[in-house]
Amino acid sequence: AYEIYQCDWSSDVCSSDLAIKEGGILRMGTVSNPDSLNPFVGFSALSYILWTETYPTLVQYDEQYQIVGDLADSWETSADGKVWTFTIAGNGKWSDGQPITADDAAFTGNLIIKYANGPAAMMAPFLAHAVKVEAPDPTTVVITYEKPVANVLPQLQQFFIMPKHVVEPIVGANGKGLKKWDPMSAGAQVGGGSFYIEKFEKKGTTILKKNPGYYRTPAHVDAVGLTVYQNADAMLAALKGGQLDGVDTVPPTLAGQWSEDPNFTLQIGDSSFLYDIPINSNPKKKDHKELLDPKVRLALSTATDRQQIIDTVLAGYGVPSNTLLTPLSAPYMNTDIAPPAYDIDAANAILDDAGYARGADGIRVGPDGSKFEWEVITPDNVEGIDRLFEILKTSWGELGITVTQKKLDSTAAF
């Protein structure tokens, strides 16, 4: 992960130990855009970041990626592991002044459970196997599961608690109103986290203002301005021109250049970012059923030169991976599963042995007679995606596979 922050021009050094300044607005830049402020609809990473800042959750991760309380002060489980009881802070208020109570959590949880296979499906995984959420009093939340669940706390870290007095009136028949809900319909979001959103623009500047009713230590700044840029060049030019205080990411190819500028601090650390290539594995699809074959996917993985991608696209800042997990997940999952070594001959042998012959034009043919000619969707906000695609196109071409690139904006792509 790469982040850049502008130094204090009055200081001789640029250090994270500089005195904290209270008040004012923190101006941040990003090339990612939020797709929705509605947690029943949104998907993008930036939307999740905004929800984390503006909606309470029972628990959260701390700086060491350990689960600690957010709205919850403490919790305990029953002997059989099915019932989790949380005691929550009693001093929280939504940004419109209404108190945050256990009833908000129970309402949100039961709404998700009721419509888990419909309008609330986006949030359903965070309460997987839960059968009911109760609020026996204003500061107690009780979640009952159908069976013991090992990852209750990590899942609840994304269980965003909604203001009952705002959401209940818009639910509608069969929960259909959840998908149509606009959290900004009243002019500003009713938030209950450290901030609430005063102004929202998908491709402009979103303003987060400090929530005076926040239940924990208040933010140092009065507001955060988050501006979405179409590309990293424009964002970094704004940073250098003094229009931003920081940016959330920097192209790896520019990391060396920015690290040498004494007016800025470049932070390099572990990242949750991962290049992955999802494959349409819907068993009911009509075309390209060869992609359902694990042997084909193994061949593609074997013909992916991860080290070339790291050296060319990431300027050396990266490690090969064979899972959707990064080292940050190491305490919870095995991140040491090694990917297959890059070997074009071995990849071709896998496809040959599986019976996928090449046609007269050199392109392999699937069991339904369709050629190995595939379309690859690439989101336009993923740094280095075009160079990555060209590397894959070349390597996979040696297997008798043709891929074409279809560029889409991030909302459409995902």
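Ring pairs join Y48, W51 and F160 into a cluster in this predicted model. Across the whole structure, a search finds 10 aromatic pairs. One of them is formed by F273 and Y275, whose rings meet edge-to-face, with 4.9 Å from centre to centre and 75° between the planes. F273 has a relative accessible area of 45% and is partly exposed. Y275 is also partly exposed, with a relative accessible area of 21%; this value counts as partly exposed because buried means under 20%. A ring is also involved in a contact with a charge: the charged end of K240 sits over the ring of W258, at 4.7 Å from the ring centre.

Confidence in the prediction was examined along the chain. The protein chain has an average pLDDT of 91, and 95% of the residues score at least 70. Residues 7-16 have a pLDDT below 50. In the model, this stretch makes 12 contacts beyond near neighbours in sequence.

Strand pairing is described next. Strands of a sheet pair through backbone hydrogen bonds, in either a parallel or an antiparallel sense. An open sheet of 4 strands is present, in the order β5-β6-β8-β7, and its pairing is antiparallel. β5 (72-77) and β7 are the edge strands, each pairing on one side only. On average, neighbouring strands of this sheet are turned by 20° against each other, with direction ignored.

At one edge of the sheet, β5 pairs with β6 (residues 83-88) in the antiparallel sense over 5 bridges. Within this pairing, A72 stands opposite I88 of β6. At the other edge, β7 and β8 pair in the antiparallel sense, again over 5 bridges. A130 has Y145 in β8 as its bridge partner. The connection from β7 to β8 is a hairpin of 2 residues. Helix α2 lies across β6, β7 and β8 (140-145), and runs at about 165° to β7.

Backbone torsions were considered as well. Most residues other than glycine have a negative phi. H129 has a positive phi of about 75° although it is not a glycine. H129 is found in the loop between α2 (102-114) and β7 (130-137). The relative accessibility of H129 is 33%, so this residue counts as partly exposed.

A positive phi is also found at Y65, where the angle is near 65° and the residue is other than glycine. Y65 is located in the loop that runs between β3 (59-61) and β4 (67-69). With a relative accessibility of 39%, Y65 counts as partly exposed.

The surroundings of P154 involve residues from the same part of the sequence as this loop's flanking strands. P154 belongs to helix α3 (residues 152-156). Leaving aside residues up to four places away in sequence, P154 touches Y61 and I67. P154 has a relative accessibility of 24% and therefore counts as partly exposed. From P154 to G193 there are 39 residues in sequence, and the two lie 18 Å apart in space, C-alpha to C-alpha.

Note on methods
Residues numbered from 1 in each chain as written. Predicted model: local features only at pLDDT ≥ 70, side-chain atom pairs only at ≥ 80, totals over all residues. Heavy atoms only, no water. Buried < 20%, exposed > 50% of the residue type's maximum accessible area, 1.4 Å probe, protein only. Phe/Tyr/Trp six-rings, centres within 6.5 Å; stacked < 30°, edge-to-face > 60°. Lys NZ or Arg CZ within 6 Å of the ring centre and 35° of its normal. Pairing = 2+ DSSP bridges. Axes fitted to C-alpha atoms, helices over the stretch in contact; angles between N-to-C directions. Contact = heavy atoms within 4.5 Å. pLDDT = per-residue confidence, 0-100.
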